[in-house]
Amino acid sequence: MLKRVHFPTSALPYLLVAPQILITLVFFIWPASQAMYQSFLIEDAFGLGTEFVWFENFQILATDNHYLASFQRTAVFSLLVAALSMGFALILAGFAQRVVRGAMFYRTLLIWPYAVAPVLAGALWVFMFNPTLGIFPYFLEFAGITWNHYLSGNQAMALVILAAAWKQVAYNFLFYLAAMQSIPNSVIEAAAIDGAGPARRFWTIIFPLISPTTFFLLVINMVYAFFETFGIIHAVTQGGPGTSTTILVYKVFNDGFVGLDLGGSAAQSVVLMVLVIAMTVVQFRFVERKVAY
Amino acid sequence: MVEHRPLTAFLTHLVLILGVFAIALPVWITFVASTHDELRMNQAPLPLWPGEYFLANMKQTLFGSGLSGTEQAPVWLMLLNSLAMALMISTGKIAISLLSAFAIVYFKFPFRMGFFWMIFITLMLPVEVRILPTFEVVANLGMLNSYWGLSIPLIASATATFMFRQVFLTVPDELLESARIDGAGPLRFFFDILLPLSRTNIAALFVILFIFGWNQYLWPLLITTDTSMTTIVMSIKQMLEAAEQSPQWNIIMTTALLAMIPPVFVVIAMQKLFVQGLTETDK
């Protein structure tokens, strides 16, 4: 943590940490504690008075079917986003890793969607799937499928999952490729001498060896799907039709800024904070193990 | 590749090329939409091959009055706002993280670990989970509709502080010893030795943070009500809403293209730094 050789105590270190600590206190710790405090309050219908109600907001949440449905929806959404983008990235990385010359060229062509903002990714996909004009609904019509994500909840969900997964493939590809390239060549060659073909080598050697990366990416992708996909949902469906794409982050925003249910929104924020903390702990414990390994 | 079989080599490249096309398809369609006029963009099926209105669309998007029927700032102003926000967030994060990492690694002072944990907590509080109270704080400070309000609440950074702490810990102690023998004070040591040593780390982090800053959406959406402060990324959503009345897809998609070019360019042009930054900050 601390250098063996260090500078003597003075006022200087306090000045050095001051900007960061000040911003943390004002914009992180204070708002978070406010959210916690507000989650214990219920405002009356006219906004005239508030009452301290301990855990009543959380009890309301725990029995609120809309909230529980949103929880379930978020779980399905994030698992599908993670599975889709990681699966696609795994396939591409598996092939790219076999290319001796040109692997870096393919990498350049595959990693740039990381830089596209989620809301832009949403705009691109909603344009491609525009029910009256889009390219995909036009071709789907030939297959006998009528596409309208403004009416069908499942199609709306499919669209936000596609947009969210598209953006994340780049990140997953990068980490998978790096993990595969760090496997010693001798291991692969030994398997080849024993007569294992490319597919067999992938499933029995490469895939098990990169399992730490798979686990790491799973956590990262879940965090991404939980918290960073707000822009996609907001651009593509606004949580609709009905509430069929209202994931937890969108619900906090919607109940707080549109519905003005401060106590309920704050309680949801606290639940989300607990979720982030849990995911961060999982991520850090895993990283520690990887270092020892 | 271990074995040399032309067929598998061909298959490998085929899959990769198909993958590249699948990934690029949404952007290709966006680009094609930005090269046709409004009339063509309202006839199904939409074109899949570029037309000849690219420069005209660019000109109308950048300097024209924007979409008809919307009150928006000109797109060049939005690009400037985005650039200012992205630069303020990235340089701000790097500056305050360098300073606090320096203090935590090179000084022994009371509450050192307390400060460290306070910074660590910020990792667990993304802006999405504390939007309402943070919005209230910024409103009370009178920072709505300003560059300060856009950037300052986002610049506390646990990941950057951790990264610089890691970098500083690998700097040999002998450097500090010899610097002190030569009579260098803490600030001299920081500016003349530590900063030059962590130059590539700073550059790598800058690439990641620039993208992070440029792509901010929810936060600018909440705290800017004045059209002259809108950023390019948040304008897309307003345009999509306006598209229901006046579907000028050529202009909307040209704007989308303009909004994604700067960060995508940064990734491609500084790929090595980008990869380094991405793998370092997520540890």
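The following exercises, each with a worked solution, concern a predicted model.

In this predicted model, local features need pLDDT of at least 70 and side-chain atom pairs count only at pLDDT 80 or more, while totals for chains, interfaces and linings use all residues. Residues are numbered from 1 along each chain as its sequence is written, and chains are lettered from A in the order in which they are written.

**Exercise 1. The fold of chain A**

Task: State the secondary structure of chain A, and explain why chain A is described as more spread out than a compact globule.

Solution. Step 1: chain A has 13 helices and two strands; helices (H or I, at least four residues) and strands (E, at least two) are DSSP runs, numbered from the N terminus. Step 2: the radius of gyration, taken over C-alpha atoms, is 24 Å for chain A. Step 3: the globule rule (2.2 Å times the number of residues to the power 0.38) gives 19 Å for 293 residues. Step 4: the value for chain A is well over that figure, so chain A is more spread out than a compact globule.

**Exercise 2. The contact between the chains**

Task: Determine how many residues each chain gives to the contact, and which helix of chain A gives the most.

Solution. Step 1: two residues are in contact if their C-beta atoms, placed from the backbone, lie within 7 Å. Step 2: chain A supplies 81 residues and chain B supplies 77 residues. Step 3: helix α1 (residues 12–38) of chain A gives the most to the side of chain A that touches chain B, with 18 residues.

**Exercise 3. Helix α13 of chain B**

Task: Compare the span of helix α13 of chain B with the expected span, then locate its bend.

Solution. Step 1: helix α13 (residues 249–269) of chain B has 21 residues. Step 2: the expected span is 1.5 Å times one less than the number of residues, here 30 Å. Step 3: from first C-alpha to last, the helix reaches 29 Å, close to that expectation. Step 4: α13(B) bends by about 35° at B:I261 (the angle between axes fitted to the seven residues ending there and the seven starting there). Step 5: a proline, B:P262, follows within four residues.

**Exercise 4. Burial**

Task: Classify B:L87 as buried, partly exposed or exposed.

Solution. Step 1: a residue is buried if 20 or more other C-beta atoms, placed from the backbone, lie within 10 Å of its own, exposed if 12 or fewer, and partly exposed in between. Step 2: B:L87, in helix α3 (residues 75–106) of chain B, has 17 such atoms, so B:L87 is partly exposed. Step 3: by the same rule, 15 of the 21 residues of α13(B) are buried.
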